[in-house]
Amino acid sequence: METARVLVAADKFKGSLTAVQVAERVTAGLRRVVPGARVEALPVADGGDGTVAAAVAAGFEHREARVTGPLGDPVTAAYALRGTTAVVEMAEASGLQRLPAGEFAPLTATTYGSGELLAAALDAGARTIVFGVGGSATTDGGAGMLAALGARFLDADGKPVGPGGGGLADLAEADLSGLDPRLADVDLILASDVDNPLTGPKGAPEVYGRQKGATDEDIALLDAALAHYASVLGPDRARLPGAGAAGGIGYGALVALGARFRPGIEVMLDVLGFAPALARADLVITGEGSLDEQTLHGKAPAGVAAAARAAGVEVVAVCGRLALSAEALTGAGIRRAYALADLEPDPAVSMAQAGPLLERAAEAIARDFLR
């Protein structure tokens with residue numbers, strides 16, 4: 001019998017393994033049981049942190065630019081380039097990963113560096129930019145990003161407003177006439193797994209503010225400031241899906257940069273060449289650190305499973321923690337999930353030993369599906 005062809009298309013296990021490392025460990029486990037297993041690795045991401053790494057693993061060139069971090073300090077941020085297509089990850093410039101441990105700046109953190117990173121992609125010749133947004137430290141509606149690209153946000157005295165969402169409360173005038181003219185000729189795709197509006201009970205400050213260090217008082221202030229900002233720039237776009245992504249950077253991209261919103265995993269599967277890889281596979285292994293309710297709402301494993309099911313290819317999943325019922329897995333197109341928590345119940349040990357445990361989980365997949 002011909003050896004089954006396996007496609008490993010999993011996201012990172014946050015805090016433990018990158019998507020590339022997940023693929024390496026799964027491949028090692030499969031081959032321990034079936035030495036001749038034909039395994040193809042295609043690390044995936046849904047637009048959040050890890051998106052540039054997935055593009056580089058798929059053959060994009062790794063590029064770097066020195067940009068402004070969320071607190072105003074310089075940071076070195078990566079993006080990916082292949083031909084005239086760039087993959088830019090806002091978290092590289094403006095993400096929580098750029099904050100010192102335990103330090104937050106919910107009112108003043110800026111997306112200025114994300115705008116600088118987009119400009120670097122333009123300088124490199126990009127004409128299509130996949131802009132992955134997620135994991136942000138910011139709630140400034142993308143004002144910092146737009147300022148880096150040439151926009152001006154002024155208070156009643158004609159002076160620039162302060163950085164971050166807090167400064168937008170003083171906004172009197174938004175002048176977009178100085179925006180980089182190259183943006184008019186670029187296809188900017190807003191890639192996100194978040195379809196929240198900008199403000200309100202499901203808006204960026206209320207839903208995501210607390211993970212960025214915002215108090216209830218800060219959230220009320222940010223929500224009012226973003227609503228004011230939108231009243232100046234264009235309130236009709238504030239309710240569009242994705243406007244609330246990454247602290248409202250989605251709104252800035254939609255209203256001022258002509259971006260179009262697409263679910264992050266769909267965009268990334270296109271960019272990474274998932275369809276031809278899927279056509280070569282008999283079994284797909286997907287996964288992420290936690291398979292839970294959020295997974296079903298546009299996360300990478302759900303996107304992979306949906307595409308595989310449409311092509312009639314069986315899917316199993318690996319994860320650190322499984323919080324979905326068998327029915328929910330089946331509904332998502334996943335035949336079975338293998339959780340590291342079943343091999344090691346202590347979460348701290350499971351995270352520390354994720355690599356070896358994942359190899360053991362892959363051995364079980366090989367015994368169950370490849371023999």
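Helices here are DSSP runs of H or I with at least four residues, numbered from the N terminus. With that in hand, we can start at the end of one of them: just after helix 10, Gly-273 takes a positive phi of about 80°. Please keep in mind throughout that this is a predicted model.

Let's stay with helix 10 for a moment. Seven of its nine residues are buried, so helix 10 is largely enclosed by the rest of the structure. The buried ones are Gly-264, Ile-265, Val-267, Met-268, Leu-269, Val-271 and Leu-272. One of the elements around it is helix 12, whose buried residues pack against helix 10 (264-272). Those buried residues of helix 12 also pack against helix 11 (274-279), strand 11 (283-291), strand 12 (314-322) and helix 13 (326-332). Helix 12 itself spans residues 300-310, and its buried members are Ala-300, Pro-301, Ala-302, Gly-303, Val-304, Ala-305 and Ala-308. Here, too, a glycine with positive phi follows the helix: Gly-312, with a value near 75°.

Now let's step back to the whole chain. The protein chain holds 15 helices and 13 strands. Its radius of gyration is 21 Å, close to the 21 Å that the globule rule gives for 371 residues, so the chain is as compact as a globular protein of that length. Along the principal axes, the C-alpha atoms fill a box of roughly 75 × 45 × 35 Å. Of the 371 residues, 56% are buried. If you look at contacts with a separation of 6 or more, 72% of them join residues 24 or more positions apart. The accessible surface comes to about 14,800 Å², and carbon and sulfur atoms account for 51% of that area. As for charge, the chain has 31 positive and 45 negative charges, and the mean positions of these two sets are 7 Å apart.

The interior comes next. The largest nonpolar core has 54 residues, and Ile-129, Phe-131, Tyr-229 and Leu-257 have the most contacts inside it. Helix 9 supplies the largest share of this core, eight residues. A second, separate core has 40 residues, among them Leu-42, Met-268, Ala-300 and Cys-319. Two of these names are familiar from our opening: Met-268 is a buried residue of helix 10, and Ala-300 is a buried residue of helix 12. Returning to the largest core, Leu-257 touches Leu-118, Met-145, Leu-146, Leu-149, Leu-179, Leu-183, Leu-188 and Gly-252, leaving aside residues up to four places away in sequence.

Helix 9 also holds a backbone detail for you to check. Most residues other than glycine have a negative phi. Ala-246, found in helix 9, has a positive phi near 50°. Its relative accessibility is 10%, under the 20% limit, so Ala-246 counts as buried.

From there, let's turn to helix 8 and the loop that follows. Leu-226 sits in helix 8 and is buried, at 0% relative accessibility. Beyond its neighbors up to four places away, Leu-226 touches Thr-139, Asp-140, Gly-141, Leu-168, Leu-198, Thr-199 and Pro-205. For a sense of scale, its C-alpha is 33 Å from that of Gly-289, 63 residues apart along the chain. Arg-239 lies in the loop between helix 8 (216-233) and helix 9 (245-256). At 59% relative accessibility it is over the 50% mark, so Arg-239 counts as exposed. Outside the residues up to four places away, Arg-239 touches Pro-197 and Thr-199; Thr-199 is also one of the contacts of Leu-226. The C-alpha atoms of Arg-239 and Glu-288 are 30 Å apart, with their positions 49 residues apart in sequence.

Our last stop is around helix 2. Asp-49 lies in the loop between strand 2 (38-41) and helix 2 (51-57). This charged residue is buried, with a relative accessible area of 18%. Not counting residues up to four places away, Asp-49 touches Lys-12, Lys-14, Glu-89, Ala-91 and Gln-97. Within helix 2 itself you will find Val-56, which is partly exposed at 29% relative accessible area. By the same rule for sequence neighbors, Val-56 touches Glu-61, His-62 and Ala-80. Val-56 and Arg-82 are 26 residues apart in sequence, and their C-alpha atoms are 9.1 Å apart in space.

Technical notes: Residues are numbered from 1 along each chain as its sequence is written. This is a predicted model: local features need pLDDT of at least 70, side-chain atom pairs count only at pLDDT 80 or more; totals for chains, interfaces and linings use all residues. Side-chain values use heavy atoms; hydrogens and water are left out. Helices (H or I, at least four residues) and strands (E, at least two) are DSSP runs, numbered from the N terminus. The radius of gyration is taken over C-alpha atoms; the globule rule is 2.2 Å times the number of residues to the power 0.38. Buried means under 20% relative accessible area, exposed over 50%, partly exposed in between (1.4 Å probe, protein chains only). Contact means heavy atoms within 4.5 Å. Accessible areas come from the Shrake-Rupley method with a 1.4 Å probe; for residues, only the protein chains shown count as cover. Lys and Arg count as positive and Asp and Glu as negative; His and the chain ends are not counted. The place of a charge is taken as NZ of Lys, CZ of Arg, CG of Asp or CD of Glu. A nonpolar core is a set of buried Ala, Val, Leu, Ile, Met, Phe, Trp, Tyr and Cys residues joined through side-chain atoms within 4.5 Å.
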